[in-house]
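Work through the exercises below with the model open beside you. Try each task before you read its solution.

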Amino acid sequence: MLAPQVLGTLVRKYGDFDAAEDAVQESLLAAALRWPETGVPAEPRGWLVQTATRRLIDQWRSEQSRRARENLALLQEAAPKDVSGQDDTLIVLFMCCHPALTPASAIALTLRAAGGLTTAEIANAFLVDEPTMAQRISRSKQRIKASGVPFQLPTQEEQAARVRTVLHVLYLIFNEGYTSSTGRELQRAELSGEAIRLARIVQRLLPDDSEVTGLLALMLLIDARRPARTNATGELIPLAQQDRSLWDQALVAEGVALLNSAVERGAVGEYQLQAAIAALHDQAPQADATDWRQLLAFYGLLDQITGNPIVTLNRAVAAAMVEGPAAGLALLDEVDERLAGHYRLDAVRAHLLELAGDTDAALTHYRAAARRTTSLPEQRYLATQAARLNVAGDIPES
């Protein structure tokens, strides 16, 4: 995840977000072509910065104007100086969460610039087509450029205004890394790892913010399970069937300690609640020892705070475990319209219908969920569940 750091360095030095991002992409392409032959350099970040700087020089050299020539002179003077170890990723993060942008635009731009997601991946997360997302990201960069805001960390007052968007962005980056929305791999460890790294930096910057600490705790508690989420062939293993001896207990202990310190500071927010839910799962020695009643209470509070339909899906599972599948299915009716066509709704409904003994309906929804997901590991898992019921009930494919 060197791209955000290289981008931060170029934007800090030269100020042109759009041109810097193009130059960084070209330097990454050059690395992909050259490094397999020559080997990774001793200072890969420095190599990328120098290569991207040369690309910027080439861009400005091609422009036949006085301003371009002046910029070229400045670049040539500055280029040899710097490939210091300063990490500007956090500044990129706050810059992308600029007050001139809408929250949706800020999140999309940050996922691109600081999170390393492709435009297609971001479009998928926002449920829009790729050209629409490309235009949105381009407009966001132009607004930041036009604002004239210097490339530096915001003041304490500005941080307070932007930190919620920053946390939401880090949360989305982590989620995309933990369960990739597209592709052949279930997880993208480099993305979840980068989200954790950035969350640690923000937490050091704002140690008294309980939600910042809560988000870091949440990430660690969830990431602790990563070694047990897939088998040797990359197939998804659901939480209830995971080998808990493979979970990273050091991360669990750190996450619980952070959660406890956050809760002691005052009002409990959504990230602290999610961390508390993760901690309950992580601290259960086996799946059947999970405190589902406490989880149901936490999900109820979280549902009230966020109104997020995905939270309602999880609450429905907890309700089914405590009060029976009919209670969970009743909760799903509340989000039918908001999540129409979303594979997670079909997957949860299939699971609860199977618990209720309605295998025909469960099979239908497993198949629908498998068709709708764009993640191949999840697709294979859901198709396997459908095949299992199909064999059990001898139901022909539709």
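**Exercise 1. Place Arg 349 and find its partners.**

Step 1. Arg 349 has a relative accessible area of 12%, so Arg 349 is buried. The cut-offs are under 20% for buried, over 50% for exposed and partly exposed in between, with a 1.4 Å probe and protein chains only.

Step 2. Salt bridges with shared partners link Arg 349, Asp 336 and Asp 333 in one network. A salt bridge needs a side-chain nitrogen of Lys or Arg within 4 Å of a carboxyl oxygen of Asp or Glu.

Step 3. Take the pair Asp 336 and Arg 349: their side chains meet at 2.9 Å, N to O. Arg 349 sits in helix α17 and Asp 336 in the loop between α16 (325–332) and α17 (343–355), so the bridge ties together parts 13 residues apart in sequence. Asp 336 is partly exposed, at 30% relative accessibility.

A note on reading the model: it is predicted, local features need pLDDT of at least 70, side-chain atom pairs count only at pLDDT 80 or more, and totals for chains, interfaces and linings use all residues. Residues are numbered from 1 along each chain as its sequence is written, and side-chain values use heavy atoms, with hydrogens and water left out.

**Exercise 2. Decide how far to trust the coordinates.**

Step 1. Use pLDDT, the predictor's confidence in each residue, from 0 to 100. Its mean over the chain is 85, and 90% of the residues reach 70 or more.

Step 2. Look for the weak stretch. Over residues 71–85, pLDDT stays under 50. Where pLDDT is low, predicted coordinates should not be read in detail.

**Exercise 3. Describe the chain as a whole.**

Step 1. Count the secondary structure: 19 helices and zero strands. These are DSSP runs numbered from the N terminus, with H or I over at least four residues for helices and E over at least two for strands.

Step 2. Check burial. Of the 398 residues in the chain, 49% are buried.

Step 3. Count the salt bridges: the structure holds 13.

**Exercise 4. Trace two more salt bridges.**

Step 1. Arg 164 and Asp 209 pair through their side chains at 3.1 Å, N to O. Arg 164 belongs to helix α9 (residues 156–178), and Asp 209 to the loop between α10 (189–205) and α11 (210–223), so parts 45 residues apart in sequence are tied together. Arg 164 is partly exposed at 43%, whereas Asp 209 is buried at 17%.

Step 2. Glu 254 and Arg 200 form a salt bridge at 2.7 Å, N to O. Glu 254 is in helix α12 (residues 249–263) and Arg 200 in helix α10, so this pair ties together parts 54 residues apart in sequence. Glu 254 is partly exposed at 29%, and Arg 200 is partly exposed at 26%.

**Exercise 5. Compare two helix packings.**

Step 1. Start with α11 and helix α13 (residues 270–283): the angle is about 30° and the axes are 8 Å apart. Axes are lines fitted to C-alpha atoms, for helices over the stretch in contact, and angles between N-to-C directions run from 0 to 180 degrees.

Step 2. Classify the angle. α11 and α13 are roughly parallel. The classes are under 35 degrees for roughly parallel, over 145 for roughly antiparallel, 65 to 115 for roughly perpendicular and the rest oblique.

Step 3. Now take helix α5 (residues 89–96) and α10: the angle is about 85° and the axes are 10 Å apart. That makes α5 roughly perpendicular to α10.

Conventions: Contact = heavy atoms within 4.5 Å.
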